[in-house]
Amino acid sequence: TSNCSSATDVEDGNADDVLGLINFMKGSDYFDYNGDCNITERRGHVLGDIYHSQLVEIGPPDASTDFTSSNEEAYFRSVNNYQSFVAKHASRRKVIYAGSNSGMLHAINAETGEEEWAFVPPFIAGIMPSIINTDLDGGVDVSYDADGNKVAKGGTNAIFGVDGSPVVHDVYMAGYDA
């Protein structure tokens, strides 16, 4: 068990676990990864591991309108004023999308590297509590500091959440004008 359980703000009960999990997903060190007994600080590495997901960058639209037959997507673009859509969104900022094993689809500003937002699909939200593993509290990477004091770091179970690559496409919806 952790050598600092009495020094944290952890309470017993389901409500505390739910709040702790939410705060962990938002970046707090709720599972005391660094072993300093402070579960309210921001973790050094907040983004879940991107293991099987390819990074996809989306910027201004640039799909082709050249076609050789009316059965092609390019034909559909050309007859539905795609050129106007391209002009309207020519300054759309570049965003990188990636799925992570922590269960989130991340949108990251391609210029600044800052996360714009993250989305947890509803079917993943139901398995997120399985991240919690109290057997790992203080049981990961146990070491000793210069004074000989035990430093026990926390941990979580890996879930293969949003593990695949995003698929992105401009979509035309008749009657929708945004």
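Tutor: Helices (H or I, at least four residues) and strands (E, at least two) are DSSP runs, numbered from the N terminus. The model is predicted, so local features need pLDDT of at least 70 and side-chain atom pairs pLDDT 80 or more, while totals for chains, interfaces and linings use all residues. Residues are numbered from 1 along each chain as its sequence is written, and side-chain values use heavy atoms, without hydrogens or water.

Student: How many helices and strands are there in the chain?
Tutor: From the N terminus on, the elements run α-β-α-α-β-β-β-α-β-β. Counting each kind gives four helices and six strands.

Student: In what order do the four strands of the open sheet stand?
Tutor: Two strands pair if DSSP finds at least two bridges between them. In this sheet the pairing is antiparallel, and the order is β1-β2-β3-β4.

Student: Which are the edge strands of this sheet?
Tutor: An edge strand of this sheet pairs on one side only. That applies to residues 56-58 and to residues 115-119, which are β1 and β4.

Student: Which residue of β2 is the bridge partner of Val 56?
Tutor: Strands β1 and β2 run antiparallel and are joined by three bridges. Within that pairing, Val 56 has as its partner in β2 the residue Tyr 97.

Student: Which residue in β3 stands opposite Ala 98?
Tutor: Strand β2 covers residues 95-99 and β3 residues 105-109; they run antiparallel, with five bridges. They also form a hairpin with five residues between them, and Gly 103 in its turn has a positive phi of about 95°. Across from Ala 98 stands His 106.

Student: Why is β2 described as largely enclosed by the rest of the structure?
Tutor: Buried means under 20% relative accessible area, exposed over 50%, and partly exposed in between (1.4 Å probe, protein chains only). Over the chain of 178 residues, 30% count as buried. Strand β2 is largely enclosed because, of its five residues, the number buried is four.

Student: Which helix gives the most to the largest nonpolar core?
Tutor: A nonpolar core is a set of buried Ala, Val, Leu, Ile, Met, Phe, Trp, Tyr and Cys residues joined through side-chain atoms within 4.5 Å. The largest has twelve residues, among them Leu 21, Phe 24, Met 25, Met 104, Ile 131 and Val 162. Three of its residues come from the helix at 14-25, α1.

Student: How far apart in space are Asn 157 and Ile 131, C-alpha to C-alpha?
Tutor: Asn 157 lies in the segment after β6 (150-153) and is partly exposed at 28% relative accessible area. Ile 131 belongs to the largest nonpolar core. The two are 26 residues apart in sequence, but in space their separation is 4.6 Å.

Student: What separates Glu 73 and Arg 77 in helix α2?
Tutor: Their side chains meet in a salt bridge (3.5 Å, N to O), the term for a side-chain nitrogen of Lys or Arg within 4 Å of a carboxyl oxygen of Asp or Glu. Glu 73 is partly exposed at 42% relative accessibility, whereas Arg 77 is buried at 17%. Because they are four residues apart in α2 (residues 73-79), their separation is about one helical turn.

Student: Which residue meets Glu 116 in a salt bridge?
Tutor: The whole structure holds two salt bridges. The one at Glu 116 has an N to O distance of 2.7 Å. It links distant parts of the chain, 23 residues apart: strand β4 and the loop between α3 (82-88) and β2. Glu 116 is partly exposed at 33% relative accessible area, as is, at 48%, its partner Arg 93.
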